[in-house]
Each structure stands twice: as C-alpha cells, then as structure tokens.
Amino acid sequence: MTSYIVRRLFATLPVMAVVALFVFFLLRFAPGDPAAIIAGDDATAESIAAVRAKLGLDRPMVEQFVVWVGQLLQGDMGVSIFSNLAVTRLIAQRLEPTVALTLSTLFVAVVLAVPIGVVAAWKARKLVDRLAMAFAVLGFAMPTFVLAYILIYFFAVQWQLLPVQGYAPIKQGFWPFVESLILPSVALGITYMALIARITRASMLEVLAQDYIRTANSKGLATDRVLLLHALKNAAVPIVTVIGIGIALLISGVVITETVFNIPGLGRLTVDAVLKRDYPVVQGLILVFAGAKVLVNLIIDISYAFLDPRIRY
Amino acid sequence: MAVVADDLDLPATRRFSLWTAVRRNPTIAFGAVLLAALIVMAVFAPFIAPNDPLKLSPVNRLRPPSERWWFGTDQFGRDIFSRTIYGARVSLIVGLSVAAFSSVLGLALGLACGYFRKVDGIVMRIMDGLMAIPSILLAIALITLSRPGLGIVIVAIVIPEVPRIVRVVRAVVLSIRAQPYIESAIAGGTKNMKLLWRHVLPNTLAPLIVQSTYVCASAMLIEAGLSFLGAGVPPEIPSWGNIIAQGRTYFQIAPWTILIPGAFLAVTVLAVNLLGDGLRDRLDPRLARRL
Amino acid sequence: MAEASILEVRDLHTQFRTLDGIVRAVDGVSFHVARGETLGIVGESGCGKSVTAMSILRLIPPETGRIASGSIKFEGEELTTLSEEEMKRLRGHRISMIFQEPMTSLNPVLTVGTQIAENVVRHLNVPWSAARDRAREMLDLVRIADARRRLDEYPHQLSGGMRQRVMIAMALSCDPQVLIADEPTTALDVTIQAQILDLMIELKEKTGTAIVLITHDLGVVAETTERVVVMYAGRKVEEASVEALFAEPLHPYTRGLMRAIPRLDVEADAAGTRPRLQEIPGLVPILTKPIVGCAFAPRCGFATDRCRSEAPPLVEGGAGHTVACWEVERVRASA
C-alpha cells in the first residue's frame, strides 16, 4: 500500500511539471510584451524596463526557467508586482475562506446528492425518480452566479434569513461562520449535486440488477440494508470518481461564487490578480489550484482500495 | 436496446414522419426546438429588439419590467429586453465556435494519439497537465495575455475544452484498434489512412457529436462566467455575462437586470444539454448506460 | 398427502409485461413438496421453472411481473396474500434459495462471514458475535477447510465450487424448512457438480430440509431427487417418482428430453458409432399468445387435431404418475 502511494505520488510529477511549464511560458510566450501589458496603457519606456528587470524577463529564457523552478522548489513563488508581498504569503492569508467554502460545499452536495440518487434508483421511473432527475437536469444547466443571485434575492433580501454577502472567519464564532457559508455552498454546489445525483442513480441502477442483490433479497434483508450496504458499496467507485472529478468544477466555481458573495478567498485573489495583471500571483494560484486537484485525484485513487477489495496494489 | 433495433431498419422501408421522430426522441426534439428558437432570436435580433441595446437613456434608469420595457431597464436606462436578445448572439457564437474548433482539434489530436504511440505519450501528458488546471482559471489566465475581444475568449475556452474531446476520441480509437476485424485488416495489409477513413473515423463520430454538445454548453457557461468576472468579452458588447455583471451593484433594487439574462442563459444551456442527453441516448447507448 | 406437504403450489399463473405483450411465464402449475423431500423440476430454459421458484419467494420484480392468480401455501399459510414485511421475515429463514451463478450471486465487496452472519442476525435475533460463530459452524458443515480464516475473505478469493458451498451455508444458516435450488450446479465443473449435489443430499438428511431442485439436467434429477415435475411452456406436463419416470416416461416431451442425454449403456455398432443424440425438433412456443391445445403439439410426433385444439388435462397414469397427454396410450405402445 505504502509503495503504491509513493508510486502514485511520483506519477503526479509529470502532470505538475506540465502545469509548471505552462505557467512559466504563459508569461514568456505571451503575444505582445508582457512587461508593457503589466506596466499599463500609459507606461513610459523606463517603467516598462523596470517591470522587465523585476520579473527577470531581460535574462535568457533557460536561465529564467532554472531560477524560477529552483525558487519554486524552495517554496518561493515570487513577489506580487503590486503589493510587493510574497505570493505564498498572499495565498496563505486567503486560504481559510476558500477551504471552508469548498469543504462545506463538498459536504452539502454529497450529503444531499447521494441519497437523492439512491432513492431515484430505488424508485426508478416512479414520480420521485422523475422529480430527482428533472432537478438534476435543471441543476446542471443553472449557472452558479445566477442561482447565487436568486438565493440572495429570496433568502437574504426578501426573507432576511441569512446574510447577503461576506464571510465570517471561524474564530468569530461557529454560527456566524456557518451562516455565511450556507448560500454560497448551495449556489456553488448545485451543479456538483446534479452530477453526483445522476451518477449515483446510474451506478445504483446497474448494481441493483446484479445477481447478488437478488441473493440479498432472497435472504429477506431489510430494504435499507440491501440499498445502503449491499448496493451502495458496490456502486461507490464511480460515485467517488465523480466526486473527485467534480472538485475541478468546484474550484472553477469558487472563483465566481467568492465574487458574488464577496468572500475574501483565493477566488477573489485570482480575479483581482488577473484584472491587475499581477502575473506572479496568477502563476502561484494556478499552481496551487492544479496541485489541489492532483492531490484530490490521488486521494480518490487510494480510496478505491477501501471500497473494492478486488483492487490490489 | 429498442433504440438499436430501430437503427437496423432500412431507411427505404421506414416511412419518415416528423411526428414519430419527435415521439421517439422527445428530449432531442425539445432541445432542438428550443435551441432553434434561440438561434432565430439571435440572428434576427435587429428586427426583434424594440430598442437599440446600447442607447443610454438616463431619464429611464432602473425601470422595472412594464409594457414599455418588457424586461425593465438598467442603471443607464438601456432596454434589458433588447440587450438580452443581442446577448444571445455572444453566447451562441461562443458556444458553437468553441464546440466546432475543439472538436476539430480534439479529433485530430485524438486520432493521432490513438494511432501513433510516440505522439500519444507526449500529447497525453500535456492534456493531463491542462486538465489539472480548472478551466475557468486557465481561460482567465490566457485572456489576460491579450487585449480583450471575442476571438481571444473563444481561443481561451477552446484550450481547456480540447483535452476532454481528445480523451473521448482516443479511447474510441484504442478500443476499435483492439477489435479483431481491424487486426485482421492490418494483417491483410490495409493502409493506415484507409483504415482510419473507413473504420475508425465513422465510429468516433457519435461520441464526438455527443461530447461536443456538452462542450458547447460548458463553453457558454464559461463565457458568461468570464464576462461576469470582467475578464470576458469587452463590457461594451451586451453579452449575458456582461449584463449580469453590470447589474450587480443594483441587484437589490433592480433584480430583473440579473434574473432575466440569467434565465435566458440557463434555458440556453438547458436546451443544449437536453440535445446532448438525447443524442447520447440515441447514438451512444453504451455511454448512456454509464451515465 | 396434503397434510404431509410443507409447500403446496396450486394453479399458479405468473405473468410479465413486455413490449411484445404479456408473457405467461407460468401458466397454471400445481405441485406440492412433502416435508424433507427432494422434488425436481425439469424443463428447457424458458419453460418457467425459475419463475416458479421466484414466485414462491415472491421475488418477481413488481415493475414488470406479477403473480396473476393461484395459491402458494407454506405450512398451510397462504403466501400470495402476505405483506412484503411478513414475506421478508420468511425469506432466508424458513424458505431459502440458492442460485445458478455462484460467481455473481455473492456480494463482491462484503466478506463471506458478513454475508452469512447477516442472515442469522436478521432472522434469529442474535448478536453479531453469535452469528459469526454460527457462520463458522456452517462453513465447517459445508466442508470448507479453515473456516475461521475464510470468514474474513471476500468472494473473489474463493473458487466457484467454494462459493456455491458458501451459498449453501448461507441458505441453510437459519435452518429453513424448504431450500429452493435453482440450477445450483449448472455453472460448475462436472467433478465439482457431483460434490455439491452430494453435499446438498447429505445436508438434507442431516437437517430434514426439503429441497426443490430446479434443473434442465435429467442426469442431476436421476441422482438426487425422489419425485420429478416436468414443465413445458409454463405448464406441468408430467409428474412421477424418479423411478417411474425413468422406467417409463409417458409424455412425448419427457421422452424427447431423455433422448437428448448421452448414454454410455448403449452398445456402439460395428462401425464404432453410437446412436446420434436426438434433439427435439422445433422451438419453444412464444408465450405472449395464449396457447390453444397442447403446448407441445407443434413439436410432437404423436400430435393429432385434438392435441392442437384442446388442452389435455393431467390424468393419473397409475402409482402417482400423472401426465397431460391425449395420446398417452400410443406413446406407451411406441416404447
């Protein structure tokens, strides 16, 4: 098992290398002069040269790359052009809201979507199933920010049950923290829920037609044991896979959701950095998000071993 | 499986009737009709829109929906109805061209990967890397490299979407190559290109069409998201994402500025997704069972 | 006879809705099983024997099929009208079932011990630890070596024969009165088949569980059962003790089945060839249309106009041997 994990860790290296290369060349091979773009529309020749020197763009490409990777390996992602703060520090400051939002969305989505999918499969082609699948199709087409505004309009503006915007760090108390996360989590999670509910239903339908389910029924087991142990455990691998794939969806959604709800997380940082063309920060964020995604995939791969005893490493 | 049986009917013996076609594929029909209506609306926008979508009218700012302004006005007094109709153009152009470009590119790369071992290693590593970067982030990063415009938005969305197509096409090619009839054709000395043209390409078509409808829907969502973040099409172009972004500040007093273009966006994406689901059930029953 | 029987099926009709219409999978079948008896149900695939078994346990999927009419009495209690909850308490406890495919009938992600013990916990109201002991005892009983270790193994770690032993252990774990075995050995190697059948008979002697053995294989029937019901197209066409049936099969269909078994006791002729195995000509009828007359008539060499227009009733042919055939005298004479 340990050797498998180590091998899988090594397998992530080429992926991260491609990401790093991409991030590096993103700036260097940009059409036009990135230094000029960064310096802004009314920059002088000197200010452009200053930007170029600051980014090391005046040195040979290979040297730039070696220096950059060397720094990266030491945990140095460079310095923000605007705030002059270390990129790692900027990211660390903004980490908590994003992690909180992602985890709460993951929680809400899985806790709601898996049961919906299980019930839909159990009552296949009945009314409950049709409603659940209609919800899934609609949820899949609903843009995050549109749903976000609808939720804000009703729950915050009309009924005043929850805060309109903003984020309360967990140290300000648990309830304000949770309150500030409910609407963003639902808005962010809807597409994700639709995806999980659909795959759960499909996977369960396939499993429910298997011989061992007939065996379980012939033993007179209670319905919940047949559904939740005999069937769901067998259906779990595709479901967990989709939960993993969906993390990418969440990360994309985080950028938008944090903007709508004015949450000071990595998503806001990304948008701000992009609009200000603060390349070192953008590069660092891409690396962090891609790293998070690769890590999630790794966890998913390892979890298969616990779900299916037939998988051996 | 009944669907497959239908396909075996010879076209000559089947009396074509639009009504039976619709009855058999209600999802495709519904999605197609909805999408067709939206395309007509976009193409004939100048004739349908009662007002100039760009015309400012400060006297009439933030008017709620009424007989005069069906969908109300924004903070500059621009007619939301007209803007929304014009906005369909951006969404559809982006959706359709991203679907077309990424299909062509993805098909070429996917065939190459499935066919040539050497290409496969390199290209798939790059695809894995691209897929590791969340698509909206990748698109934003690409857009910041250039002056804003519709073209760069399309390119920036095509790049993160291509790997999805490549993977589908490559998987089909590999599975077809493993078929006994292809192996015997290779053993019999059939040329690579002929093999590709005769056997492989036709088989990739169905999954490719299905996948590209999903890419189209996803592209529309990404474009709207980019515009909403201020990193999409230039703000002077009335795209749904831009209309929503501009309505943000006044959302609490003028929710229609966001909800109406939002609803159009959702319905458009829904139409394309339904079309995709219907095509998937019809063309690719194997995939349909998995999802 | 009736008071001695533990299971009594009378005029059972089970139907499925399909795109082509209603399939009458079981079309008026009656039989009974005595306490501790082994009854064989024989027929080609699609004759309704498995559906009969599933009907007894009421495991017909309600979306597509239903028991249209008839009565199933277990220990005098009518099963067709029991609530689903009451049925669940019966299944795996007083009537249990094993299936054809040992490779797929066990849940791949649960240990063997869990799958046996959960049955015991469910029906005998004992704690898990006691149920596990019982599971180990059962594995010993079906002669799986090193039972303690096997309890924690998953089905994929066992061979096909062992899995069928596990199925048997599971089915017998709550001391059922009736065990329905649907083609229990069909998917196994010939040598393993014999072992499993011997095991089932031995356990039957030990526990007094009645067995309903469903099979297409007359050889299996000859070796293991006491009484045989022959089914064709959803109907019972013949019933007799094993000895009587093999001594003198009365239905042309049963004769056809017997001619399709390879025989070693027939002398080869001078050229060294044995008589060819004969298959029954024609196809099993389509069950979506009501069958007029005898279902076997289109494939039968003895068929007359009467066979094609009027369904033959089951008649007593002496010594509990019943048969549904108008031309039974001609069949008898032709032997």
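**Exercise 1. Domains of chain A**

Task: State which domains the assignment gives for chain A, and how many Å separate their C-alpha centres.

Solution: In this predicted model, the domain assignment divides chain A into domain 1, residues 2-73, and domain 2, residues 90-312. The C-alpha centres of domain 1 and domain 2 of chain A are 32 Å apart.

**Exercise 2. The contact between the two domains**

Task: Determine how many residues of each domain of chain A are in contact, and characterise the side that belongs to domain 1.

Solution: Step 1. With C-beta atoms within 7 Å as the criterion, 13 residues of domain 1 of chain A contact 11 residues of domain 2 of chain A.

Step 2. On the side of domain 1 that touches domain 2, helix H1 (2-28) and helix H2 (34-39) of chain A each contribute at least two residues. H1(A) has the largest share, with 10 residues.

Step 3. By residue class, this side of domain 1 of chain A comprises 11 nonpolar residues, one polar and one charged.

**Exercise 3. The contact between chains A and C**

Task: Identify which elements of chain A give two or more residues to the side that touches chain C, and describe the residue classes there.

Solution: Step 1. The contact involves 17 residues of chain A and 24 residues of chain C.

Step 2. On the side of chain A that touches chain C, the elements giving two or more residues are helix H9 (211-218) and helix H10 (223-261) of chain A. H9(A) gives the most, namely seven residues.

Step 3. The residues of chain A on this side fall into four nonpolar, seven polar and six charged.

Technical notes: Residues are numbered from 1 along each chain as its sequence is written. Chains are lettered from A and ligands numbered from 1 in the order in which they are written. This is a predicted model: local features need pLDDT of at least 70, side-chain atom pairs count only at pLDDT 80 or more; totals for chains, interfaces and linings use all residues. Helices (H or I, at least four residues) and strands (E, at least two) are DSSP runs, numbered from the N terminus. Ala, Val, Leu, Ile, Met, Phe, Trp, Tyr, Cys and Pro count as nonpolar, Asp, Glu, Lys and Arg as charged, and the others, Gly among them, as polar. Domain bounds come from an automatic or database domain assignment.
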